[in-house]
Amino acid sequence: MKIIKNKAGFTLLEIIISLSLFVIIIILVSDAYQVMQRAYNKNSNIAELTQNARVSIDRIARELRQSSGITASLPETDTDPMNPPPSEIFFQDGHEVSQITYLRYYLSGTDLMRQHKAYYFESDPLVYVTYNSLGPGGEPPLERILEDRIIGEYFSDLKFWGANGLINISLGLSKNINNFSIKTSIFLRNH
């Protein structure tokens, strides 16, 4: 009597080895995907921070160059602990020639804000005057906010300093665990 072996199936050992290899391959592919996803997210965050910084610096620089002057004195350096650089800047708008208006850049939480404002006296609200004008009775002008809007997000730091027509700007941005900082200098044309 001859015994016939059925070779149509897999042994238990072959199934266990195949499943183990399949699980190992799935784990390796999953880990590789997670590493690539983290790298993509980090690069995407850094690209967004860089774009925010570039657009903000370009806008501030363009408007500072056109300005007829900075309204407040800035410290000459950013290293003097007795006179630290301010986190906002206020200057006369050089684009608007028919009326005297001012621009202010400042942080509100993590948003970089651009405020456009004007000053006037109650006796003639349609005529804008300089921010330090005095009325007939010695009263200061009233302030009118023409626009106050966000021009950038994810900001963690903003500083201004400089002298002799050179304004230095330092921006810090942060999103998730990614940080980005940039410094630039701007020469005022109309100084």
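This tour moves from the whole protein chain to the surroundings of one residue, D93.

The model is predicted: local features need pLDDT of at least 70, side-chain atom pairs count only at pLDDT 80 or more, and totals for chains, interfaces and linings use all residues. Residues are numbered from 1 along each chain as its sequence is written, and side-chain values use heavy atoms, leaving out hydrogens and water.

Select the protein chain and colour by secondary structure. One helix and eight strands appear, in the order α-β-β-β-β-β-β-β-β from the N terminus; helices (H or I, at least four residues) and strands (E, at least two) are DSSP runs. The radius of gyration, taken over C-alpha atoms, is 31 Å, well over the 16 Å that the globule rule gives for 191 residues, so the chain is more spread out than a compact globule. That rule is 2.2 Å times the number of residues to the power 0.38. Along its principal axes, the C-alpha trace spans about 130 × 35 × 25 Å.

Next, select D93, in the loop between β1 (89-92) and β2 (102-108). D93 is buried, with a relative accessible area of 6%; buried means under 20% (1.4 Å probe, protein chains only).

Now display the neighbours of D93. Setting aside residues up to four places away in sequence, D93 touches T101, Y102, L103 and H116, a contact being heavy atoms within 4.5 Å. Select H116 and show side chains: those of D93 and H116 make a polar contact (3.5 Å). Such a contact is a pair of N or O atoms within 3.5 Å, one able to donate a hydrogen and the other to accept it within protein; residues adjacent in sequence count only if both atoms are side-chain atoms.

Finally, select P141, which lies 48 residues from D93 in sequence and 17 Å away in space, C-alpha to C-alpha.

Methods:
Buried means under 20% relative accessible area, exposed over 50%, partly exposed in between (1.4 Å probe, protein chains only).
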